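This briefing sets out selected features of the structure shown below. The points are grouped by topic.

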Number of protein chains: 2
Amino acid sequence: MPIVPLQEVKDVADRVLAAAGVPPDNAALQRDLLLDAEMRSIASHGLLRLPRLVERIGNGVANPVTKGRQEWTAPGFLKVDGEQGLGPVVAQAAIDALMDRSASQGVAVAAVANANHIGMLGFYADRVAEAGKCLIAFSTSEALVHPWGGRRAMIGTNPIAIGLPTGDGVFMMDTATSIVSMGEIHDHANRGAPIPQGWALDAAGNATTDAAAARDGAIAPFGGPKGYALGLAFELLLTALAGSAIGRNVKGTLDSTEPCTKADLFIVIDQPLAAVSDFLDLLRSEAPAEGFDNVRIPGERGRELRRRAVADGLNIADVTWSRLQDLAGTA
Amino acid sequence: MPIVPLQEVKDVADRVLAAAGVPPDNAALQRDLLLDAEMRSIASHGLLRLPRLVERIGNGVANPVTKGRQEWTAPGFLKVDGEQGLGPVVAQAAIDALMDRSASQGVAVAAVANANHIGMLGFYADRVAEAGKCLIAFSTSEALVHPWGGRRAMIGTNPIAIGLPTGDGVFMMDTATSIVSMGEIHDHANRGAPIPQGWALDAAGNATTDAAAARDGAIAPFGGPKGYALGLAFELLLTALAGSAIGRNVKGTLDSTEPCTKADLFIVIDQPLAAVSDFLDLLRSEAPAEGFDNVRIPGERGRELRRRAVADGLNIADVTWSRLQDLAGTA
């Protein structure tokens, strides 16, 4: 894996996006989102997504210009038709509107349909927290997860992220309701490595440790029936509020040809907050259990990796970097 | 276990609450909450909690009269000082205010401090969904759960519940972020049964399958680091918004003498909703995996048990029933 100075990666990504007809401000946001995940070593939500996005723009299922059509259906509720816009462009425009509105309302919510993949939810949670507010963010996805006790993928990986100011910095957590990402299954398959028991079913709905077989099957919800209940609840709530597709009808976050039919939901709360940073300090100082070096705070490892990437450059997969350079070269 | 007609249980519970000085409308709500859990076979949140509540009223750490002091700090945000009121009385008063407010605002949020234990969150989620709105509810608790990689109980069991109308009934899920309840650990200990690996640590912070040792230790978060991240996020968010106690400083939901210092958070959304009941039908008709009879929808088993209790009477633990009858007899 080459280590590339951050500015060079940015420049290449910007050239790729400019060549695809993305206006500079929209391109900067899309690039920052993917780069943020890449810097945090969440490659599945990083720059490897850029070539597919360019294909989607070329195929007319991603609109590089629109920020979505926003309608306040009530003083605290924003309905957004993403008009097939770029995920982070539509999402950030909605969140900006919520941040503004929540200052007077205390809380404001947006339900978004028809936007492209909005990437790592933690990106938005971090930004809202840094602006002094709380964000609870949800998103649905293609059906990749089996219901507890079922055989087929019926439910999205349906992540949740929560960000808030702690009084001394920010806290951010971001997790899918699947036990693992499909990217990780693919990674195991590519390396010919088995996957742990309990991660996935094969295409016939039987438990498997064969990563290649799991690719065509279904991932388990995290934490068994509890994670299933959460992921299902998010899918139902987001679909009901956004009027989007559900289950196996959700398309357009993994392919290059289908309009994106998932939903996103953002809740921004703007209220005076008690400081909670002392409690995080206490957790950091806890004696670790056997086999652990320390008690970790969610989000902090990613933040540390991001600091290192800013200082030392980005560790990027060869195949991703060559592909981006190729795409930029055609500009 | 005796099977007791529902009306008889209600009468006994009402006599117990009346003797403790609880006004009839507050008593009805407190009784309905505990009875609802009891009917759903969630005994840990059922009538066994009533004797302790009576002790708490006697000790002056539960106020049987107040509905809490509500203050709208913004058009969409309600801050509630529970004034040590009964949990369901303060919670339902807050939710009633949110249901009213959300009709005009689209969304309304309440952060509650200083209320007693509000019981099973699903009780409220069901009621709000039946009224045609969505509820996301959270609560913190005494520190019973160890952080991922830690040795001591530092975090509450911090449940979340989500309720919404489906277009053909309601959906409700309710889950703690712990792998199991402390009640279940006690139940294993009482029966001299071992607990599964991964459920808990002993007082020294080492993994144990000895239920008695686990009682003095810490329960695991559900789903490992993901459940830890969720439970911690809820604890931070609720504490920051409600200005309540955090971690090991949370008291008063398991004892009879300490003022209750946990927090509750309710988000009510009132918007037109797309129907999602067809998707639930689809899930119910899915082929079950090996070892399963069918794919279950969260909340439905409890609803079925409740129907049966209404028709056939309540299956209540001897010890709980005798204790309630004793308490009612002193009235």
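Which residue is the bridge partner of Ser139(A) in β11(A)? The partner is Asp264(A), and β11(A) is taken up again under the first topic below. The model is predicted, with an ipTM of 0.97 and a pTM of 0.98. For chain A, the average pLDDT is 96, and 99% of the residues score at least 70.

**Strand β11 of chain A and its partners**

- Strand β11 of chain A spans residues 263-269, and seven of its seven residues are buried, so the strand is largely enclosed by the rest of the structure.
- Both faces of β11(A) are covered. On one side the buried residues are Ala263(A), Leu265(A), Ile267(A) and Ile269(A).
- On the other side of β11(A), Asp264(A), Phe266(A) and Val268(A) are likewise buried.
- Strand β4 of chain A (residues 107-113) pairs with β11(A) in the antiparallel sense, over seven bridges. Within this part of the chain, Ala111(A) has Leu265(A) of β11(A) as its bridge partner.
- Strand β5 of chain A (residues 134-139) also runs antiparallel to β11(A), to which six bridges join it. The bridge from Ser139(A) leads to Asp264(A), a residue that is buried.

**A three-stranded sheet in chain A**

- Three strands of chain A form an open, antiparallel sheet in the order β9-β8-β10.
- The edge strands of that sheet are β9 (207-208) and β10 (218-219) of chain A, each of which pairs on one side only.
- Strand β8 of chain A (residues 200-201) is joined to β9(A) by two bridges, and the two strands run antiparallel. Ala200(A) has Thr208(A) in β9(A) as its bridge partner.

**Relation between the two chains**

- A turn of 180° with a shift of 0.0 Å along the axis lays chain A on chain B with an RMSD of 0.0 Å. The two copies are therefore related as by a two-fold rotation axis.
- Among the residues of chain A, Gly223(A) comes closest to the rotation axis, with its C-alpha at 1.9 Å.

**Cavities**

- The structure holds three cavities of 30 Å³ or more.
- The largest cavity has a volume of about 170 Å³. It is lined by 15 residues, of which Arg49(B), Leu53(B), Arg56(B), His117(B) and Thr253(B) are the closest to its centre.
- Helices α2 (24-39), α3 (50-58) and α4 (87-105) of chain B each supply at least two residues of the lining of the largest cavity.
- By class, the lining of the largest cavity comprises five nonpolar, seven polar and three charged residues.
- The second largest cavity holds about 140 Å³ of space. Its lining includes Gln30(A), Leu33(A), Leu34(A), Arg49(A), Arg52(A), Leu53(A) and Arg56(A).
- Also in the lining of the second largest cavity are Asn116(A), His117(A), Gly119(A), Gly252(A) and Thr253(A). The elements that give two or more residues to this lining are α2 and α3 of chain A.
- By class, the lining of the second largest cavity has three nonpolar, six polar and three charged residues.

**Residues with positive phi**

- Most residues other than glycine have a negative phi.
- Ser41(A), which is not a glycine, has a positive phi near 65°. Ser41(A) lies in the loop between α2 (24-39) and α3 (50-58) of chain A.
- With a relative accessible area of 51%, Ser41(A) is exposed, because the cut-off for that class is over 50%.
- Asn158(B), likewise not a glycine, has a positive phi of about 30°. Asn158(B) lies in the loop between β5 (134-139) and β6 (160-165) of chain B.
- Asn158(B) has a relative accessibility of 0% and therefore counts as buried.

**Asp174 of chain A**

- Asp174(A) belongs to strand β7 of chain A (residues 170-175).
- Asp174(A) is partly exposed, with a relative accessible area of 28%.
- Between Asp174(A) and Leu327(A) there are 31 Å in space, C-alpha to C-alpha, and the two are 153 residues apart in sequence.

How values were computed: Residues numbered from 1 in each chain as written. Chains lettered and ligands numbered in written order. Predicted model: local features only at pLDDT ≥ 70, side-chain atom pairs only at ≥ 80, totals over all residues. Heavy atoms only, no water. Helix = DSSP H or I, 4+ residues; strand = E, 2+ residues; numbered from the N terminus. Buried < 20%, exposed > 50% of the residue type's maximum accessible area, 1.4 Å probe, protein only. 1 Å grid on protein atoms, 1.4 Å probe; cavity = no way out; pocket = protein on both sides within 12 Å on 5 of 7 lines; lining within 4 Å. Points joined across faces, edges and corners; volume = space filled by probe spheres on them. Nonpolar A, V, L, I, M, F, W, Y, C, P; charged D, E, K, R; others polar. Pairing = 2+ DSSP bridges. pLDDT = per-residue confidence, 0-100. Least-squares fit on C-alpha atoms with pLDDT ≥ 70 in both.
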